[in-house]
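Reader: I have a model on my screen. Please show me how to read its charged side chains.

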Amino acid sequence: MRHGIHPVSRPVVFRDRAAGFQFLTRSTLDSDRTVEWEDGTTYPVVDVEISSASHPFHTGTARVLDTAGRVERFERRYGAAPARRRPGPGPHQGFPTRST
């Protein structure tokens, strides 16, 4: 690998202020703000709006959309179209058969 072309990776604290959750990891991001971590060392801190502690998918508060109701409402409004078949040979018709 060539030297001098890669960004510097350093320990950074990411903080989700809405959930009161923070974690320490390595990142290339840098910040002017700092925070003292549990071990007494000061690290740069980056505030994020959402993390695994506040995201609905990870917390189990995600909503399920009613897609069946939407389809029924569409069919009531515009009518259900009959199923159409394409003309042509059925399965295995028109192909040479193998006699045994």
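**Arginines and their partners**

Author: Start with Arg70, which lies in helix H2 (residues 67-78). Helices are DSSP runs of H or I with at least four residues, strands are runs of E with at least two, and both are numbered from the N terminus. The model is predicted: local features need pLDDT of at least 70, side-chain atom pairs pLDDT 80 or more, while totals for chains, interfaces and linings use all residues. Residues are numbered from 1 along each chain, and side-chain values use heavy atoms, without hydrogens and water.

Reader: Is Arg70 buried or exposed?

Author: Buried means under 20% relative accessible area, exposed over 50%, partly exposed in between (1.4 Å probe, protein chains only). Arg70 is partly exposed, at 48%.

Reader: What is a salt bridge, and how many are there?

Author: Side chains of opposite charge can pair when their charged atoms come close. The rule here is a side-chain nitrogen of Lys or Arg within 4 Å of a carboxyl oxygen of Asp or Glu. The count comes to three.

Reader: Which residue does Arg15 meet?

Author: Asp47, at 2.7 Å from N to O. Arg15 sits in strand E1 and Asp47 in strand E4 (residues 42-48), 32 residues apart. Arg15 counts as buried at 19%, whereas Asp47 is partly exposed at 25%.

Reader: What about Arg17 and Arg33?

Author: Arg17 also forms a salt bridge with Asp47, with the closest N and O atoms 3.8 Å apart. Arg17 is exposed, at 59%. Arg33 meets Asp47 at 2.7 Å, N to O. Shared partners join Arg15, Arg17, Arg33 and Asp47 into one network.
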